[in-house]
Amino acid sequence: MQVPISTSEVLDAMRAVTVTDISARAEFKSAIRACLVKSEDHRHAFDTVFELYFAPPVPDSAEDSGNGRLVAPLESLSDAELRDILIDAAAAEGDTLLREIANVTVDRHAGIQPGRAVAGTFYTYRAMRAMGADSLVADILSRGHHDGPMAGLAMRMAREHAENRVERFRQLVESRIRIALVADRGADAVAATLRTPLPEDSDFLTASSEQIAAMRTVMDPLGRKLASALTDKRKRSGRQVVDIRRTIRGSMSTGGIPLNLKMAEPRPSKPKLVVLADISGSVATFAEFTLRLMSALRMEFASLRSFVFIDGVDEVTHIFAEAGTIVEASARINNEKLGVWLDGRSDYGHALEDFADRCLHDLDSRSTVLILGDARNNYHNPRADILDAVRTRAGHLYWLNPEKQVLWNSGDSVISEYSKHCDEVHECRNIRQLAAFVEALD
């Protein structure tokens with residue numbers, strides 16, 4: 001795991017250490033975290049690394065744990081009784097009881113095997129499964145006492161609180177397992193099994209559902225920035241017009257001779273964006289990202305038309321306008337099997353033909369076409385000539401490819417056929433690279 005930390009922040013952390021009691025572990029952790037962590041997305045990564053290298057010793061017994069009077073009774077309970085107490089502890093505040101339940105659960109159910117080079121994910125799964133994690137939120141909500149049906153807002157708040165508490169219990173389970181792994185193999189060995197990318201570095205093609213969820217928080221700002229960058233690009237590239245009024249006023253000092261022409265500030269209207277996104281199985285995770293990008297861009301452009309394709313093309317602009325959430329839009333696209341023409345296997349050539357029939361006549365110099373896909377064409381005719389026609393009519397044409405650049409043009413990839421007709425082609429495997437593409441437009 002990695003958290004972006006500057007030299008000045010390291011110096012701040014070192015100064016904090018000089019005024020903090022290192023033996024007071026919680027205070028020491030809070031002081032260091034305040035100096036080094038700038039985003040909530042990075043907090044869990046910091047907590048994990050801190051626990052690796054500043055792990056407390058694993059207690060050998062209930063008495064050694066510091067809460068012997070609490071742990072010993074918990075150890076004597078059945079799983080059902082322990083879970084019942086867990087529900088009450090999760091519904092309340094505070095971590096003391098929750099932590100001890102996590103410790104007992106791990107000791108009883110995780111099944112940690114000494115010497116194995118693992119990150120502990122399966123150990124966490126076994127411990128959480130033993131406590132019936134799938135239904136914990138519902139059971140916590142049902143434990144609440146209410147005179148009648150809860151109002152919508154109150155119910156949402158209660159559910160969010162329950163979900164946060166269950167997530168906190170899972171983190172405590174992970175922490176206990178991690179402490180045991182460090183005691184067994186050492187911090188460096190465990191760290192080597194825990195390295196995962198930050199949300200902005202997660203690969204679109206291999207990202208887990210959790211990583212995709214973490215990416216979502218940066219999509220809306222990127223959509224706004226992309227719209228701003230394209231508008232500025234048109235402002236810089238637009239033809240300049242003489243400002244007659246300012247020129248005449250400026251010529252008064254030269255007897256009315258307009259020696260210095262004053263140019264009017266360019267005021268281009270918002271660009272029109274057309275997005276063409278591959279949603280085939282080979283880029284399934286990337287497809288979810290592209291749909292979310294379409295949704296984020298929808299409110300930022302004077303005109304946004306969205307198309308999805310596999311071996312055919314379907315416009316989905318109306319679906320994003322009608323759907324309440326991105327989940328609803330994605331479900332509708334899947335259920336209606338949009339983007340499929342024949343066998344549902346990628347055919348960029350036919351998809352481009354279909355796209356040209358539907359949209360080519362609507363493109364003009366204000367239009368920016370953004371294509372997202374890996375250009376793997378199953379050895380069909382790529383029809384790059386159609387892309388040339390698109391570029392001729394549109395103001396700009398960009399292609400974002402989610403594959404590593406070293407894989408381009410291998411196998412059935414025809415990205416080289418298309419790149420010659422694009423303004424730019426970029427590797428776009430993660431949000432950091434997408435942000436770099438947007439920055440380059442400025």
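**Helices across a six-stranded sheet**

Helix α18, spanning residues 384–393, lies across two strands, β4 (367–372) and β5 (396–401), and runs at about 130° to β5. A further helix, α20, formed by residues 431–441, lies across β4, β5 and β6, with a direction at about 160° to β5. These features belong to a predicted model.

The strands beneath discussion here form an open sheet of six strands, arranged in the order β3-β2-β1-β4-β5-β6 with mixed pairing. At the edges stand β3 (313–315) and β6 (424–427); each has a single partner strand, so one side of each is left without a neighbour in the sheet. On average, neighbouring strands of this sheet are turned by 20° against each other, direction ignored. Strands of a sheet pair through backbone hydrogen bonds, and they may do so in parallel or antiparallel fashion.

The edge at β3 can be followed in further detail. Strand β2, residues 303–309, is joined to β3 by three bridges, and the two run antiparallel. Within this pairing, F309 stands opposite V313 in β3.

The chain as a whole may now be considered. The secondary structure of the protein chain amounts to 20 helices and six strands. Of contacts in the protein chain between residues at least 6 apart in sequence, 74% join residues at least 24 apart. Buried residues account for 43% of the 442 residues in the protein chain, where buried means under 20% relative accessible area. The accessible surface of the protein chain is about 22900 Å², and 52% of this surface belongs to carbon and sulfur atoms.

Definitions and conventions:
Residues are numbered from 1 along each chain as its sequence is written. This is a predicted model: local features need pLDDT of at least 70, side-chain atom pairs count only at pLDDT 80 or more; totals for chains, interfaces and linings use all residues. Side-chain values use heavy atoms; hydrogens and water are left out. Two strands pair if DSSP finds at least two bridges between them. Helices (H or I, at least four residues) and strands (E, at least two) are DSSP runs, numbered from the N terminus. Axes are lines fitted to C-alpha atoms, for helices over the stretch in contact, and angles run from 0 to 180 degrees between N-to-C directions. Contact means heavy atoms within 4.5 Å. Buried means under 20% relative accessible area, exposed over 50%, partly exposed in between (1.4 Å probe, protein chains only). Accessible areas come from the Shrake-Rupley method with a 1.4 Å probe; for residues, only the protein chains shown count as cover.
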